[in-house]
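New to this one? Here's a quick briefing to get you started.

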Amino acid sequence: MVPVSIQVRQALSKLVLPVLLLMSVGIIIAGQADRPLADRARMRVADVLAPFWNLLSRTQTDSERLVHGLKEARNLSEENHRLSVENANLRRWYEVAVSLARENDALKTELHWVPEPTPAFVTGRVVADSGGIYARAVLLVAGTSSGVQTGNIALAANGLAGRVTEVGAHAARILLITDIASRLPVELESSHATAIMVGDNSPLPRLLYYSQDTRPIEGERVVTSDQAGAFPSGIPIGSVHYLHPGQPVVQPFARLDRLTMLRVFDFGQSEIEPPEAPGHVPLTRPHRALTLPFKTLLGPGQEG
Amino acid sequence: MSDPHQPRWDHNAETQLTSRQRLDRTARHLLPSVFTALVIIFFSAPVTIPGAAELLPAIVINTIFFWSVWRPSGMPSLAVFLLGLFMDLVGFTPLGVSAFILLLVHGIGNYARFGLMRLNFLLVWCLFGLVGAAAAALQWALACLFRLHLLDPAPAFFEALLCIGVYPLLSATFSWFLHILDEKDTP
């Protein structure tokens with residue numbers, strides 16, 4: 001240390017505080033004048049301290065977990081009791097289910113029931129659609145190489161999601177039921193009345209063309225109908241909800257805004273060919289069907 | 001205002017100290033600063049302590065005031081300045097504001113220490129309450145000044161109340177600590 005007299009040292013020690021105060025005022029002004037510099041200094045300090053903070057927060061989460069574990073341990077016997085009661089209840093239901101299944105089997109055997117084919121399905125991951133003509137469509141990573149075909153039906157975890165419209169070798173585009181191009185024949189479950197579910201690019205597709213004496217009831221389940229032969233009947237879609245009086249919509253069970261996985265089912269619907277009925281004239285011929293209505297819309301003599 | 005700790009030092013001539021004693025003394029002098037730095041690191045960590053943003057300045061002001069009054073050798077001005085700067089860098093106050101406020105608190109404590117030492121605990125607490133409230137108000141005023149619009153004064157009130165409320169607890173702890181240190185010092 002530099003040898004200085006006691007007087008000088010005392011004078012210096014008295015000066016320290018005012019000098020430091022002035023310095024802090026200077027730092028305040030400098031920090032206000034050059035904010036990026038201050039922010040850089042902050043970031044550097046934060047960088048150095050980050051491991052300590054990490055340690056602290058990890059300790060905290062660990063101790064919270066420990067406390068939580070202890071709390072759970074205290075409730076363990078209670079939880080055990082509840083679970084064993086529930087288990088007994090479920091066992092009872094299991095017995096009921098088994099006996100019902102056996103009874104069902106027996107009845108089907110009595111009736112010489114033709115068993116329905118089990119549908120084959122593949123599951124794929126949904127990736128966002130990058131393009132296409134539809135507003136509400138998703139791309140699935142599963143294509144013809146995994147057996148997906150146009151017209152297959154895509155189901156989310158708990159309801160119908162859409163239909164396969166285009167298939168590539170490793171990807172399939174699925175038109176969601178909310179798209180404006182989607183029109184599905186549906187059935188109202190409690191009344192068995194049919195209707196058409198029309199997408200309008202909103203999350204809630206509308207119900208149209210239901211018969212006026214069996215109106216959809218709020219909360220009623222909506223399932224697919226096999227009217228046009230595109231869908232097997234009874235696949236759950238959603239429930240009826242009235243946005244306004246006289247304007248029923250369907251709240252889909254599937255969470256169509258955040259799809260991650262879809263199962264694509266091949267119900268083999270196209271293989272069911274109705275037998276030829278003698279004397280029955282087919283209504284539509286594949287090539288002339290489109291041209292006819294437009295011609296009839298024009299007046300006679302206006303063609304060409 | 002001469003250095004009050006000078007007599008205690010002088011009769012231990014520095015040349016006669018062993019390295020162990022010197023280390024011990026250094027540690028003793030650094031202890032309050034290190035404690036404050038650790039408190040700052042702890043409270044600026046992303047741990048969910050209710051009122052951490054207000055509790056930190058309260059504890060730091062308490063610590064600095066206490067040591068400035070009772071043992072200034074443990075809390076030199078430079079350490080106060082560095083601690084304030086560290087607090088600013090770690091927190092979100094404008095750079096230098098905490099340093100300024102803490103230096104003011106330190107200066108007041110240092111200046112009034114001989115008067116304060118003679119008073120009883122409750123009076124010291126009352127006077128410290130004034131200092132703490134003034135510090136919180138000054139911080140609020142400076143923050144308003146730099147943001148150029150009137151901020152909600154509720155956090156400043158909360159901080160002042162915490163500052164006053166924490167004092168007995170910290171004061172008792174530090175006094176006990178000083179007692180232990182002094183006992184060890186005089187065998």
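What follows is a short tour of one helix and the contact between two chains. Keep in mind that this is a predicted model. Helix H1 of chain A, residues 6-33, gets most of the attention here.

**Where chain A meets chain B**
- The contact draws on 23 residues from chain A and 23 residues from chain B.
- On chain A's side, the elements that chip in two or more residues are H1(A) and helix H2 (35-74) of chain A.
- H1(A) gives the most to that side, with 13 residues.
- Sort the chain A residues that touch chain B by type and you get 14 nonpolar, seven polar and two charged.

**The shape of H1(A)**
- H1(A) has 28 residues, and at 1.5 Å a residue they should span 40 Å; the end C-alpha atoms are 40 Å apart, so the two figures agree.
- There's a kink of about 30° in H1(A) at Val16(A), shortly before the proline Pro18(A).

**What's tucked away in H1(A)**
- Leu17(A), Leu20(A), Ser24(A), Ile27(A), Ile28(A) and Gly31(A) are buried.
- Their cover comes from both chains: it includes H2 of chain A, along with helix H4 (77-90) and helix H5 (97-111) of chain B.

**What the record says**
- An unreviewed UniProt entry lists residues 15-33 of chain A as "transmembrane region".
- In the model, residues 15-33 of chain A are 100% helix and 0% strand.
- The end C-alpha atoms of that stretch are 27 Å apart.

Note on methods. Residues numbered from 1 in each chain as written. Chains lettered and ligands numbered in written order. Predicted model: local features only at pLDDT ≥ 70, side-chain atom pairs only at ≥ 80, totals over all residues. Contact = placed C-beta atoms within 7 Å. Helix = DSSP H or I, 4+ residues; strand = E, 2+ residues; numbered from the N terminus. Nonpolar A, V, L, I, M, F, W, Y, C, P; charged D, E, K, R; others polar. Expected span 1.5 Å × (residues − 1). Bend = angle between axes of the 7 residues up to and from the residue. Buried ≥ 20, exposed ≤ 12 C-beta atoms within 10 Å, placed from the backbone. UniProt positions renumbered as here; feature names shortened; annotations may be inferred.
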